[in-house]
Amino acid sequence: MAILLLPLFSIKASSVDTTQRLAYTPHRTTPKKPDYPSPISIAPSTTRSNISVSDLLKREIPKSTQVKPDGTYMGYDVWLPNAPKVEKPRSVFNAASLAYIGDCIFELYARRHFLFPPLSIEEYNDRVMAVVRCEAQDAMLQKLTNDNILSEEERGVLRWGKNVGSGKTKTKKRAGVAVYNRASSLETLVGYLYLTNVQRLDEIMLKLGFCIGDSTLPIVERIDGTTR
């Protein structure tokens, strides 16, 4: 009598790894956060921001770094994109339009300022975001006002820029209407000078402590030789 032999199969219960793991980021260079100034208070306020501009723009520059005397940046005389020629921007654009382009140009200054020394992408973003916040822009506007740097025309642009209309946003709710409006007025001025007088824009940004050329000197050595 023939006997049919069936193979015996062992069945194992499949296991599923349910442990939550951190996302893999191949470009991350260091797990620790950089040492930045303490976070800005998010409570809405109508008073001026008590923020140190020099701390925001501080960079760790090696003392051995040499500064080129030719006044160019990476071999180029001009680094900003060419602006359209507009003789009277206030007759062509509203304040919101100038604040729109001014926001972009302001962030470009901030990104360029922190480009050297090289950092990780996370560090670049953290430092730039700390500078382009409306609370930081309000502190920079306060510095320009206290130092009596701006002309009467530029002060008029600031007053015009405060009237930029916008709906309710998380930024306005966080910082408060007064701080938000003052920051918008600074962006309006940056946009206005970008279209009319880039050299004057460079002067103002240099007074604030931004690096506007290929100089790698620390900020505290670039503003009248003192810490602001």
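Biologist: What share of the contacts in the chain with a separation of 6 or more comes from residues 24 or more positions apart?
Modeller: Keep in mind that this is a predicted model. Contact here means heavy atoms within 4.5 Å. Counting the contacts with a separation of 6 or more, the share from residues 24 or more positions apart is 77%.

Biologist: Got an example of two residues like that? How far apart are the C-alpha atoms of D55 and V131?
Modeller: D55 sits in helix α1, residues 53-56, and V131 is one of the α4 residues that meet α3. Along the chain, D55 and V131 are 76 residues apart. Their C-alpha atoms are separated by 10.0 Å.

Biologist: And is D55 buried, partly exposed or exposed?
Modeller: Buried would need under 20% relative accessible area, and exposed over 50%. D55 has 41%, so the label is partly exposed.

Biologist: What is the chain built from, helices or strands?
Modeller: Read along the sequence, the pattern goes α-α-α-α-α-α-α-α-α. There are zero strands, and the chain has nine helices.

Biologist: How do α3 and α4 lie relative to each other, and why?
Modeller: The axes of α3 (residues 95-113) and α4 (residues 121-132) come within 9 Å and cross at roughly 140°. Over 145 degrees would count as roughly antiparallel, and 65 to 115 as roughly perpendicular. The angle of these two fits neither, so α3 and α4 are oblique.

Biologist: Which residues meet where α3 contacts α4, and how do they divide by type?
Modeller: From α3 come F106, E107, A110 and R111, and from α4 come V128, V131 and V132. Sorted by type, that contact has no polar residues, two charged and five nonpolar.

Biologist: Which peptide bond is cis, with omega near 0°?
Modeller: Look at the loop between α3 and α4, where P117 has its place. The cis bond leads into that proline, running from F116 to P117.

Biologist: Is N148 buried or exposed?
Modeller: N148 is in the loop between α5 (134-146) and α6 (152-161). Its phi is near 55°, a positive value in a residue other than glycine. Exposed means over 50% relative accessible area. N148 has 56%, so it counts as exposed.

Biologist: How many of the residues of α8 are buried?
Modeller: Helix α8 covers residues 177-196, and its 20 residues should span 28 Å at 1.5 Å a residue, which agrees with the 28 Å between its end C-alpha atoms. In the chain of 228 residues, 38% count as buried. As for α8, it is mostly covered, with the buried count at 16 of its 20 residues.

Definitions and conventions
Residues numbered from 1 in each chain as written. Predicted model: local features only at pLDDT ≥ 70, side-chain atom pairs only at ≥ 80, totals over all residues. Heavy atoms only, no water. Axes fitted to C-alpha atoms, helices over the stretch in contact; angles between N-to-C directions. Helix = DSSP H or I, 4+ residues; strand = E, 2+ residues; numbered from the N terminus. Parallel < 35°, antiparallel > 145°, perpendicular 65-115°, else oblique. Nonpolar A, V, L, I, M, F, W, Y, C, P; charged D, E, K, R; others polar. Expected span 1.5 Å × (residues − 1). Buried < 20%, exposed > 50% of the residue type's maximum accessible area, 1.4 Å probe, protein only.
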